[in-house]
Amino acid sequence: MTFNLNYVCNFNDRVQENDLDNESLKRVWSGKWCSGKFQDSLKRWWSRRDTKEDFTQEECDEFLCVAIEALLAFLQQNFTGPFCELAELEGFVKEIQPLVGDAFVELKENGEEINPNVVLGEFLLLSRDILKKLLNSHSDSLILHWWYLRYLCTHQHIIDELTANLYEQVKKEAEWLLQHVTELENKEYEALLFLEVSNAYLQYHRGEKAGEILDRLCEHLNVKMVVEGLLGVRTKFQQKALPQLCLKVEQTQPQLLPKAQETNSKTVLPKLLLHEDDTRLERIRFIEEKDNEVMTLPCVLQALVLSKVRQLKRTQPKDRLADEELEPYTHTLIYQEHGPLQVRQSALLLNCVQESNSRRTIERSWKQCEECVKLLSEHSYSVQERFSYGFAGFLQPKWQVQLQLCELLLSLGMVKSALDIYLKIQAWEQVIYCYSRLELRHKAAEIIEQELKKKPTVLLYCLLGDATDSLECYEKAWEFSKHTSGKAQAHWGNYYFFHKRWEEAVPHLEKSVEINSLQEKIWLRLGYAAIMLEKWELAVHAYITYTHLEPLGFESWNNLAKALIKLGDKQRAHRVLGESLKCNYHNWKVWENFMVVSVDTGNFEDAINAYNRLSELKTHFLDLEVLCVTMTAIAEGKPDAKGQTPERLLKKATTLMGHQCIKHGSEPKVWELAALLATTPLKKAEKLVKAFRAFTAKELVWATKQPFARKALELCVELSERSLEALESHAEDESEVMITSQLNSARLADQACIRAIEKEFTKFPENDDLLEKVRKLLEEMTTHVKQRMGA
């Protein structure tokens with residue numbers, strides 16, 4: 001069974017009515033959904049859905065169009081707009097509901113309810129049932145699998161928490177589609193499929209997997225995205241041009257993809273609002289005039305740039321520098337003259353997020369987001385324009401866009417304005433937050449109780465418990481869900497967690513993740529509670545699962561390493577801390593943990609790298625214990641964790657000790673360790689003389705204490721022996737004058753040591769052997785110096 005590419009319904013100007021095979025497909029492409037003809041097709045579906053006979057090609061075409069039309073109508077009412085009066089569709093809903101069931105019950109997954117703002121859920125159920133039936137008999141149809149993936153992503157969008165059941169289905173469909181993508185034999189549609197699969201993984205926070213697919217797509221299209229640094233200015237009064245980031249999209253075969261003017265020429269895209277700032281320019285102005293011209297991209301490549309910037313945002317640490325690196329991508333999209341409406345809408349919303357972090361742009365960010373919310377309800381764009389490349393352009397439910405607006409309002413201190421929107425979209429958790437911020441927490445409980453009387457839900461019972469600190473509410477939520485809600489157990493566990501009742505929190509948190517394993521915050525809390533209870537195996541399990549779901553949290557990697565160390569698995573802890581550094585390169589605590597574990601596990605190169613980084617982060621950083629273990633191991637040639645001899649690290653270690661001698665010249669141990677690594681006796685002796693001077697300067701009364709006096713004598717013995725050894729063994733660049741000078745320095749050190757000890761009334765017989773040895777070495781060096789001076 002085959003369906004042509006027009007069944008993908010990628011609405012654009014190139015496809016004409018004459019290109020469509022049948023009336024059902026023409027009806028879908030017309031954008032006038034849920035008409036009388038749709039009702040007739042629906043009746044034929046009801047009459048044939050339970051048959052065991054195979055559908056004819058005509059029936060398959062018709063029923064697939066019914067599924068597509070139902071899904072698109074659902075998306076229009078919940079995602080893209082323009083929103084129709086629901087009264088017009090009540091007849092369809094009444095007719096469908098007895099056959100598909102209650103959407104709020106049937107669409108629950110892993111105990112998670114769908115968002116209360118969802119309308120026409122019956123249409124989504126209808127689409128699912130038809131697609132499943134068709135797939136049962138035509139499992140080799142790529143178009144059917146593609147639409148089923150779209151259904152799954154839509155289903156996940158209307159559930160506020162990620163669900164494990166849907167993810168497993170998405171993964172299965174995605175892998176099948178990637179294996180059969182070349183069957184499309186059309187570069188544009190193959191690219192669209194790659195993008196939608198990548199976006200599906202990104203929806204579940206699988207940034208690395210999404211990145212792999214996007215790289216594969218770039219290779220498939222022979223496209224390169226390169227961010228370059230070009231000279232330019234950002235402000236009106238900037239005199240000196242500085243390097244600014246700019247995105248270049250290089251196509252080696254531009255003829256493979258249709259131009260945006262051909263596919264979306266009629267769409268008048270919304271513009272970025274003006275800054276109206278006294279200082280900042282509206283756009284970066286590059287020195288080279290040609291660089292100020294916006295590169296015109298085909299619609300598919302615009303969707304690719306959007307996917308790439310979202311993938312980067314998911315996989316990079318969240319800081320100001322990362323936002324600046326993403327700016328070239330969003331600006332490339334925002335200034336395109338032609339393109340898909342959904343891609344532009346998503347780019348503008350993403351730009352709002354990035355600009356909300358700057359005081360100069362946050363007001364524009366709020367106004368721009370407000371415009372995006374208004375656009376959903378406006379009738380200035382047709383449904384075809386809204387769905388053009390829509391599935392590749394990150395469709396979002398309308399309430400998610402409104403939530404983004406509310407966050408901006410809150411950041412500007414407009415709490416009451418945000419509260420009004422939260423109440424309208426039934427975002428009860430945020431309602432509680434706003435009332436708490438307005439010091440009206442009792443009001444939150446009243447409103448939730450009113451809503452519970454209208455229509456009880458698990459979430460409302462949980463939030464009432466949060467608002468009143470009542471455990472009874474969590475029990476009611478659990479019973480109401482018939483013991484299926486992970487959310488009820490999560491809120492119950494959170495109550496104990498925030499009251500630091502770890503023992504009671506753990507069973508509820510464990511039950512919650514058992515029901516739905518994609519709850520990132522619950523895994524994090526479970527891991528922390530396990531650490532507090534010293535249940536190290538449970539902590540390891542929780543943190544490993546969390547780091548798979550959210551690899552950018554350095555605290556989780558750190559805590560995982562701690563649990564592994566407690567279990568005695570230091571090698572694994574070392575690898576884990578290495579991952580932690582990728583998430584937070586500037587945190588000295590993580591580097592310190594990594595350094596210590598590197599030393600314990602024999603990863604000396606990592607220890608040196610960590611020590612260097614800590615020296616950059618902390619001005620006066622010094623850890624003598626780490627230096628002693630690491631430098632001694634390198635000097636003695638002990639094999640590292642990989643079984644390699646550390647001789648290759650000698651140069652790096654010598655450089656490190658050189659820096660330490662400059663920074664901590666008054667610390668005798670630093671000079672001793674530097675002497676260990678010195679390659680010739682003369683250099684060792686020079687450093688040992690400095691170690692003796694530093695020691696006697698640091699310990700002012702060293703001669704009065706036996707251990708200190710013995711240490712001074714040991715240093716003198718060592719530096720004297722190395723000085724004498726230099727007479728026989730020295731490098732070519734070490735002159736006789738240098739050796740004589742070193743012998744004199746050693747003699748002065750020995751004389752100072754002997755005089756200080758002999759001057760003291762308190763004698764230490766246990767040091768006599770060393771004292772006598774120093775005297776003999778002093779005499780020997782004096783003899784050599786006299787001979788050399790006489791010569």
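**Exercises on sheet, backbone and enclosed space**

Strand E1 (residues 223-235) and strand E3 run antiparallel and are joined by three bridges. The model in which these strands occur is predicted.

**Exercise 1. The sheet**

Task: Establish the order of the three strands in the open sheet, and determine which strands stand at its edges.

Solution.
Step 1. The sheet is open, and its three strands follow the order E2-E1-E3 with antiparallel pairing.
Step 2. Strand E2 (242-251) and strand E3 (280-286) have a single partner strand each, so both are edge strands, and one side of each is left without a neighbour in the sheet.
Step 3. With direction ignored, the average turn between neighbouring strands of the sheet is 45 degrees.
Step 4. For the pairing of E1 with E3, three bridges are found; the residue opposite Thr-235 is Arg-280 in E3.
Step 5. Helix H12 (residues 299-315) packs on this sheet, where it touches E1 and E2, and the directions of H12 and E1 make an angle of about 75 degrees.

**Exercise 2. The residue before H12**

Task: Locate Pro-298, decide whether Pro-298 is buried or exposed, and list its contacts beyond four places in sequence.

Solution.
Step 1. Pro-298 is found in the loop that runs between E3 and H12.
Step 2. The relative accessible area of Pro-298 is 6%. The limit for a buried residue is under 20%, and Pro-298 is therefore buried.
Step 3. When neighbours within four places in sequence are left aside, the contacts of Pro-298 are Gln-251, Leu-257, Pro-258 and Ala-260. Of these, Gln-251 falls within the range of strand E2 (242-251).
Step 4. As a long-range reference, 78 Å separates the C-alpha atoms of Pro-298 and Leu-743, which are 445 residues apart along the chain.

**Exercise 3. Backbone exceptions**

Task: Find the place of the cis peptide bond, and examine the positive phi values of Asn-222 and Glu-534.

Solution.
Step 1. The reference case is that most peptide bonds are trans and that most residues other than glycine have a negative phi.
Step 2. Gly-81 and Pro-82 are joined by a cis peptide bond, with omega of about -10 degrees. Pro-82 belongs to the loop between helix H3 (57-80) and helix H4 (90-100).
Step 3. Gly-81, which follows H3, has a positive phi near 75 degrees. H3 itself is mostly covered, with 22 of its 24 residues buried.
Step 4. Asn-222 is not a glycine, yet its phi is positive, near 55 degrees. Asn-222 sits in the loop between helix H10 (207-221) and E1. With a relative accessible area of 35%, Asn-222 is partly exposed.
Step 5. Glu-534 likewise has a positive phi, of about 60 degrees, without being a glycine. The loop that holds Glu-534 connects helix H25 (520-532) and helix H26 (536-549). The relative accessible area of Glu-534 is 57%; as exposed means over 50%, Glu-534 counts as exposed.

**Exercise 4. The cavities**

Task: State how many cavities of 30 Å³ or more are counted, and characterise the lining of the largest cavity and of the second largest cavity.

Solution.
Step 1. The count gives two cavities of 30 Å³ or more.
Step 2. The largest cavity holds about 100 Å³ of space. Its lining comprises 13 residues, and those closest to its centre are Phe-79, Thr-80, Gln-342, Gln-345 and Leu-376.
Step 3. At least two lining residues come from each of H3, helix H14 (341-355) and helix H15 (362-377); H14 gives the most, with four residues.
Step 4. By class, the lining of the largest cavity contains eight nonpolar residues, four polar and one charged.
Step 5. The volume of the second largest cavity is about 40 Å³. Among its lining residues are Val-8, Arg-150, Glu-196, Phe-387 and Tyr-389. Seven residues of this lining are nonpolar, two are polar and two are charged.

**Exercise 5. The second largest pocket**

Task: Give the space in the second largest pocket, and describe the residues that line this pocket.

Solution.
Step 1. The second largest pocket contains about 600 Å³ of space.
Step 2. It is lined by 26 residues, of which Phe-104, Glu-113, Lys-455, Pro-456 and Thr-457 are the closest to the centre.
Step 3. Helix H5 (103-106), helix H20 (441-454) and helix H21 (458-468) contribute at least two lining residues each.
Step 4. The class division of this lining is 10 nonpolar, five polar and 11 charged residues.

Terms used:
Residues are numbered from 1 along each chain as its sequence is written. This is a predicted model: local features need pLDDT of at least 70, side-chain atom pairs count only at pLDDT 80 or more; totals for chains, interfaces and linings use all residues. Side-chain values use heavy atoms; hydrogens and water are left out. Two strands pair if DSSP finds at least two bridges between them. Axes are lines fitted to C-alpha atoms, for helices over the stretch in contact, and angles run from 0 to 180 degrees between N-to-C directions. Contact means heavy atoms within 4.5 Å. Buried means under 20% relative accessible area, exposed over 50%, partly exposed in between (1.4 Å probe, protein chains only). On a 1 Å grid over the protein atoms alone, a cavity is a set of points where a 1.4 Å probe fits but cannot get out, and a pocket is an open set with protein on both sides within 12 Å along at least five of seven lines; lining residues have an atom within 4 Å of a point. Grid points are joined across faces, edges and corners, and a volume is the space filled by probe spheres set on the points. Ala, Val, Leu, Ile, Met, Phe, Trp, Tyr, Cys and Pro count as nonpolar, Asp, Glu, Lys and Arg as charged, and the others, Gly among them, as polar.
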